[in-house]
Amino acid sequence: MPEGDTVWLAANRMNTALAGATLTTGELRVPQLATVDLAGATVTEVVPRGKHMLTRFADGRTLRSHYRMDGSWHIYRNGTPWKGGPAHSIRAVLSTDAWDCVGYRLHDLRIVPTSAEHELVGHLGPDVLGPDWDLDEALRRLRSHPDEEIGVAVLDQRNLAGIGNLYKVETLFMTRTHPWTRVADVPDLPGLVTRARTLMQANRDRPEQSTTGSTRRGEDHWVFGRRGRPCRRCRTPILLGDQGPDTQERVTYWCPQCQAARSPIDPTARTGERDHPPSLAGR
């Protein structure tokens, strides 16, 4: 799933292409918005809000789009072939005299009055990459559920908006935090959240998402995508498990040595490293 830095970069590029321009084409190719024609509307700005993108218009409307797992916006100069996927996967086309912004496989397209944006994104916690980032508020929200597993809590967009699975996994490794640690038991919760934000800030201006300092393929992550490969710190094989409530599980990578559990293993836990004995997963 695209994470907050990906959405931030896309919104920044969309804003450069569209802000201040009047749309020559404004098509929304989803049933519920099929009769909406945005042609003639002037774009005031395009901004990210966590994993949501908000395109605001001078007439007081806002278009919200969400990438979910497979969505994306592509920007082309007029006359350039569109290469983001088959035509039937296009969900939105916003064009000006100079640019075509084409949305592939977008989800949750909605148009609301700009004054009512809170109905769409008001439930979100502080935006990790937003201008109004509030660490204290993010910590307050996390700590309001002290028994939540930290690997689940940092993905809950109601606590803080923008962090996805990659940054969750990498942040927990870099702070030596076991994914199933209770929020209340994390030794340095402010440091953990700050580390995640620092990683995302470092990557927001480029498509590559490196947490190691190298953008070379295979060298860019500490544990993410490295199941069974040796830990870059201690050489212990990286584990892979599922974490989260039923129907909402997300894969989690971790090093059992560098991120050793601080509490005894809970034999009733539904977590476990794939293809390994449950004792390797811990809690």
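Buried, in this talk, means under 20% relative accessible area. Keep that cut-off in mind for helix α5. The model is a predicted one.

So, α5. This helix covers residues 165-174 and is mostly covered, with ten of its ten residues buried. Among them are L166, Y167, V169, L172 and F173. The charged side is in there too: K168 and E170 are on the buried list. What do these residues pack against? Three helices appear: α1 (4-18), α4 (150-153) and α6 (189-203). Two strands appear as well, β9 (239-243) and β10 (250-254). Just past the helix, R176 takes a positive phi of about 55°.

Next, the domains. The assignment gives domain 1 as 4-122 and domain 2 as 135-254. Their centres, over C-alpha atoms, are 29 Å apart. At the interface, nine residues of domain 1 contact 13 residues of domain 2. The two bury about 830 Å² between them, 54% of it on carbon and sulfur atoms. On the domain 1 side, D5, W8 and K51 lose the most area, together 58% of what that side buries.

How many salt bridges are there between domain 1 and domain 2? Zero. Polar contacts do turn up: four residue pairs, both partners at pLDDT 80 or more. Helix α1 supplies the largest share of the domain 1 side touching domain 2, with six residues.

Last, the annotation. An unreviewed UniProt entry places "domain: Formamidopyrimidine-DNA glycosylase catalytic" at residues 2-130. That stretch is 15% helix and 37% strand. Its end C-alpha atoms are 16 Å apart.

Technical notes: Residues are numbered from 1 along each chain as its sequence is written. This is a predicted model: local features need pLDDT of at least 70, side-chain atom pairs count only at pLDDT 80 or more; totals for chains, interfaces and linings use all residues. Side-chain values use heavy atoms; hydrogens and water are left out. Buried means under 20% relative accessible area, exposed over 50%, partly exposed in between (1.4 Å probe, protein chains only). Helices (H or I, at least four residues) and strands (E, at least two) are DSSP runs, numbered from the N terminus. Contact means heavy atoms within 4.5 Å. UniProt positions are given in the numbering used here, feature names are shortened, and annotations may be inferred rather than shown by experiment. Domain bounds come from an automatic or database domain assignment. Buried area is the accessible area (1.4 Å probe) that two parts lose on being put together, summed over both. A salt bridge is a side-chain nitrogen of Lys or Arg within 4 Å of a carboxyl oxygen of Asp or Glu. A polar contact is a pair of N or O atoms within 3.5 Å; within protein, one must be able to donate a hydrogen and the other to accept it, and residues adjacent in sequence count only if both atoms are side-chain atoms.
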